[in-house]
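This report describes two helices and one pocket of a protein model. The reader is invited to consult the structure below while following the text.

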Amino acid sequence: MRETSGIRRAAARIHEGTPPHRDRAVDALRAFAILGVVLGHWLVTALVADGDTLRAASPLGPMPWLAPVSWVFQTLAVFFMVGGHVATRGLASARARGTTYGAWLRARLVRLFRPVSAVLAVWAVAAAGLLLGGASFVTVHTVVKLALSPMWFLLVFAALTAATPLLARLNPLWPLAVVLHVDLVCFGLGGPSWLGWVNLAAGWLVPYTLGAAWTRGELERPRAGWTLLVGGAVATAVLVGFAGYPASMVGVPGAAVSNLNPPTLAAVTFGLAQCGLGLLLRDRLRRAMARPVAWAAVALVNLSAMTVFLWHQTAMTATTATGLLAGRLPGLHTRPDGLDWVAARLLWLPVFALVLGVCWAAFHGFEAATGRRGRGRERGRGRTRVVRVGGLPEPSGLREARRV
C-alpha cells in the first residue's frame with residue numbers, strides 16, 4: 001500500500017509539473033510507437049539453436065497467417081510522424097528564441113547518439129568475448145547484427161532531422177510519388193534492385209513530412225485523419241491482394257521481397273493508415289493522459305525512449321544466449337513453426353522485459369546526462385526554463401518517480 005501511495009504521489013507531481021500547454025497526445029503516440037516496435041521484435045524474431053550455433057528465424061515464414069501481428073506492432077511510421085512534428089515545432093521555437101540552427105541540431109543529435117556509445121562499447125566487448133570463448137562466427141554475427149539492427153533507424157532519423165529546415169514545408173505527396181515510381185521501376189519494369197534503397201529515405205520522408213504538415217495545422221480536422229486511414233488501408237489492401245506485395249509489414253528471413261528493408265509502397269501506404277488512426281485518436285489520448293498515473297507512465301517511457309529502443313534487442317539476445325546453458329528451451333531456441341512456439345514465446349515476454357529493465361537501470365544515465373548538463377547551463381544563466389531530457393521536458397516530481 002505504501003509503494004502504491006508513493007507512486008500515486010510521484011505521478012501527481014509529474015502531472016502538476018507538466019506545462020498546461022503541452023500536447024500530451026504527442027508523447028502518448030511516441031510512447032506507443034516505441035513499445036510497439038519493442039513488442040513486435042520480441043514476437044516475430046527468433047534465435048534458433050542449431051547445435052552450438054544460433055540462427056535468426058521468424059514465425060511469419062512457416063505461419064504466414066500471423067502477418068496481422070506485424071500490422072499491430074510495426075509502428076515506425078507513427079514514430080517518424082511524431083518526430084517530424086516535434087522537430088519542425090522545436091526548430092521554430094528555437095529560432096524564435098534566437099537559437100541558431102547549428103546549436104539546435106547539435107543538441108538533438110547528442111540526445112540521439114550519446115546512448116549509442118554505450119551499446120557499441122558493450123557489444124564490442126561482448127563480440128570479442130564470444131569469439132575468444134569459442135562461439136561460432138555465425139552465432140556472433142547473428143546476435144550482433146540483431147542487437148545493433150536498431151541503428152539503421154537512428155541514421156535515417158538523424159538525416160531527416162538535419163534536413164528539417166528543407167522539409168518543413170514539403171508536401172508529403174512528393175516523397176510518396178518517389179516511392180511509387182521507384183517501386184514501379186523495380187517491380188513493374190524489372191529495374192535494378194539497388195534502386196529500391198532510394199525508398200529508405202523517401203519512404204520515411206512521407207510520415208516525417210506528415211508531421212511537418214501537422215505542425216502547420218493542416219491535419220487538425222478529423223477529415224485529414226479519416227482520409228489517411230481509409231485511403232492508406234484501401235491502397236495497402238489493393239497492393240497486397242492484387243500487386244503481389246507481402247502481407248507482412250516486417251521482413252521475413254528467406255522471403256523474396258521485404259516490405260521494410262527497404263520500405264515498399266505497401267509499407268508506406270500502411271504507415272499512412274497508421275498515422276491517420278493516430279491523428280484520429282488524439283482527443284481520446286489527451287483525455288486519457290489527464291490521468292496522473294497514465295501520464296507519468298508515458299512521460300517515463302519518453303524520457304527513456306532511446307534506452308528502451310537501443311537495448312530491447314540486447315535484452316532478447318542476452319536472455320536467449322544465457323538460456324542455452326539450460327539446453328534448448330521452448331519459445332526461446334526452438335523453431336518458430338507452430339502455436340506451441342507462440343504460446344511459449346508469450347511466456348518469455350516478461351523475462352525479456354525484466355532483462356530490459358536491468359539494461360535500463362545500468363545505461364539510462366547516458367540518455368539523461370544531456371538533461372543534467374542542460375540544467376546546469378540554465379542555472380548558470382540565472383533563468384528558470386523547462387529542460388528537455390530525451391526530447392521531453394522534465395516535469396517537477398520526476399526525480400521522485402525514478403526513486404519509486
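## Helix α11: two sides

The model discussed here is predicted. On helix α11, the face turned away from the buried side carries the exposed residues Pro222, Arg223, Thr227, Gly241 and Phe242. The buried residues of α11 are Ala224, Gly225, Leu228, Leu229, Gly232, Thr236 and Leu239. These buried residues lie on the same side of α11, because they cover an arc of only 125° around the axis. A general property of helices helps in reading such a pattern: an α-helix has 3.6 residues a turn, so residues three or four places apart point the same way.

Helix α11 runs over residues 222-242 and has 21 residues. From its first C-alpha to its last it reaches 30 Å, close to the 30 Å expected at 1.5 Å a residue. Among the elements that cover its buried residues are α10 (199-215) and α12 (265-280). Glycine 244, which follows α11, has a positive phi, near 85°.

## Helix α9: a second example

Which residues of α9 are buried? They are Pro175, Val179, Val182, Asp183 and Cys186. Seen down the axis of α9, the buried residues fall within an arc of 100°, so they line one face of the helix. Leu173, Trp174, His181 and Gly188 are exposed on the other side of α9. The buried residues of α9 pack against α10 and α12, and these two helices also help to cover the buried residues of α11.

Helix α9 comprises the 16 residues 173-188, which should span 22 Å at 1.5 Å a residue. The end C-alpha atoms of α9 are 21 Å apart, in agreement with that expectation. Just after α9, glycine 190 takes a positive phi of about 70°.

## The second largest pocket

The second largest pocket has a volume of about 1000 Å³. It is lined by 34 residues, of which His41, Ser149, Gly251, Leu260 and Asn261 are the closest to its centre. The elements that give two or more residues to this lining are α2 (24-44), β2 (53-57), α3 (67-73), α6 (137-148), α7 (151-162) and α15 (305-323). Helix α2 provides the largest share, four residues.

What is the chemical character of the residues in this lining? They divide into 21 nonpolar, 12 polar and one charged.

Notes
Residues numbered from 1 in each chain as written. Predicted model: local features only at pLDDT ≥ 70, side-chain atom pairs only at ≥ 80, totals over all residues. Heavy atoms only, no water. 1 Å grid on protein atoms, 1.4 Å probe; cavity = no way out; pocket = protein on both sides within 12 Å on 5 of 7 lines; lining within 4 Å. Points joined across faces, edges and corners; volume = space filled by probe spheres on them. Nonpolar A, V, L, I, M, F, W, Y, C, P; charged D, E, K, R; others polar. Expected span 1.5 Å × (residues − 1). Buried < 20%, exposed > 50% of the residue type's maximum accessible area, 1.4 Å probe, protein only. Arc of directions from axis to C-beta. Contact = heavy atoms within 4.5 Å.
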